[in-house]
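Work through the two exercises below. Try each task before you read its solution.

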Amino acid sequence: MIGVGKIKQYSNVLDKPLSKGKQEVSLSAFAFLFSELVQYNQAQVDNIAELERRLEDAGYAVGARVLELLCHRDKGNRRETRLLGILSFVHSTVWKVLFGKVADSLEKGTEHEDEYMISEKELLVNRFISIPKDMGTFNCGAFVAGIVRGVLDSAGFPAVVTAHFVPMEGQQRPRTTILIKFAEEVLRREARLG
Amino acid sequence: MASTACFIIVSRNDIPIYEAEVGSAVKKEDAAQQHQFILHAALDVVQDLAWTTSAMFLKAIDRFNDLVVSVYVTAGHTRLMLLHDSRNEDGIKSFFQEVHELYIKVLLNPLYLPGSRITSSHFDTKVRALARKYL
């Protein structure tokens with residue numbers, strides 16, 4: 001581990017100041033760890049849906065923590081109470097901290113009022129992954145979908161979040177779209193808040 | 001320091017995950033139960049108020065005789081609630097902010113399950129020290 005000798009030792013995490021979040025993590029190390037996560041879970045399940053659900057659960061735990069930390073650290077203790085506010089928080093603040101850049105696009109679904117999409121040309125977790133034919137529509141972006149669901153759900157915006165590959169013209173690799181479908185109660189509350 | 005003060009943390013699923021009587025007054029058994037009752041009764045008010053502002057510190061939101069309920073709602077809708085009889089709003093705000101930071105540290109511990117009871121004795125010691133400092 002880099003710099004392990006230089007880090008001041010604390011007897012308890014509560015004594016340690018919160019991280020400023022400027023450290024960068026090696027991409028190879030992350031890719032290796034993530035591939036282990038996928039392989040471990042794949043060995044535990046017998047179908048694709050279950051595997052996706054497990055990855056999503058792993059992401060959910062990340063999302064719930066990231067929301068609390070970032071609202072304190074980057075937003076100066078402001079909460080998000082509006083739908084568009086929390087979406088742009090996910091699209092910019094969360095994405096920047098987790099992936100080092102804002103997401104490529106945030107769009108509203110054209111067919112349904114309650115659907116929003118975050119698209120990324122080359123999602124970090126999918127960068128070194130190609131899906132075998134027999135695994136059908138499986139997408140490791142389920143982990144990121146879980147993070148998004150964790151953030152939204154904890155902030156009081158329950159939603160169903162799924163990850164999909166969308167083929168793009170003139171590109172070899174499809175882009176990844178995170179589809180967010182909000183629960184009815186969220187839209188009702190939005191309407192009430194005006 | 002305030003003579004009466006009761007502090008609880010309520011998870012987003014409305015389950016109390018930390019409780020402490022932090023006042024300097026002599027402890028009475030039935031008073032502790034009354035404090036819990038007043039704090040839990042204030043939860044409904046918090047639920048409505050939390051969506052009308054993006055600030056975390058909601059100030060005094062409810063009162064019972066000479067006791068006041070102050071609330072702080074975190075981004076993940078965990079509520080820090082304090083029942084007190086002092087009028088020191090700045091002190092209470094600082095207290096909430098520091099406990100919030102402690103709560104984030106607990107939450108970031110991968111072995112802590114979000115929404116479960118905070119059993120760390122270290123956390124308890126620190127909260128009581130903060131109460132002595134600010135309240």
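A residue is buried under 20% relative accessible area, exposed over 50% and partly exposed in between (1.4 Å probe, protein chains only). This is a predicted model, where local features need pLDDT of at least 70, side-chain atom pairs count only at pLDDT 80 or more, and totals for chains, interfaces and linings use all residues. Residues are numbered from 1 along each chain as its sequence is written, chains are lettered from A and ligands numbered from 1 in the order in which they are written, and side-chain values use heavy atoms, without hydrogens and water.

**Exercise 1.** Place Thr81(A), classify its accessibility and list its contacts.

Step 1. Thr81(A) sits in the loop between α2 (48-73) and α3 (83-99) of chain A. Helices (H or I, at least four residues) and strands (E, at least two) are DSSP runs, numbered from the N terminus.

Step 2. Thr81(A) counts as buried because its relative accessibility is 10%.

Step 3. Take contact as heavy atoms within 4.5 Å. Leaving out residues up to four places away in sequence, Thr81(A) touches Phe157(A), Glu190(A) and Leu193(A), and also Ala50(B), Trp51(B), Thr53(B) and Ser54(B).

**Exercise 2.** Trace the open sheet of chain B and find its edges.

Step 1. Strands pair if DSSP finds at least two bridges between them. The five strands follow the order β2-β1-β5-β4-β3 (chain B), with antiparallel pairing.

Step 2. β2 (16-21) and β3 (57-64) of chain B each have a single partner strand, so they stand at the edges.

Step 3. Five bridges join β1 (residues 5-10) of chain B to β2(B). Ile9(B) has Tyr18(B) as its bridge partner in β2(B).
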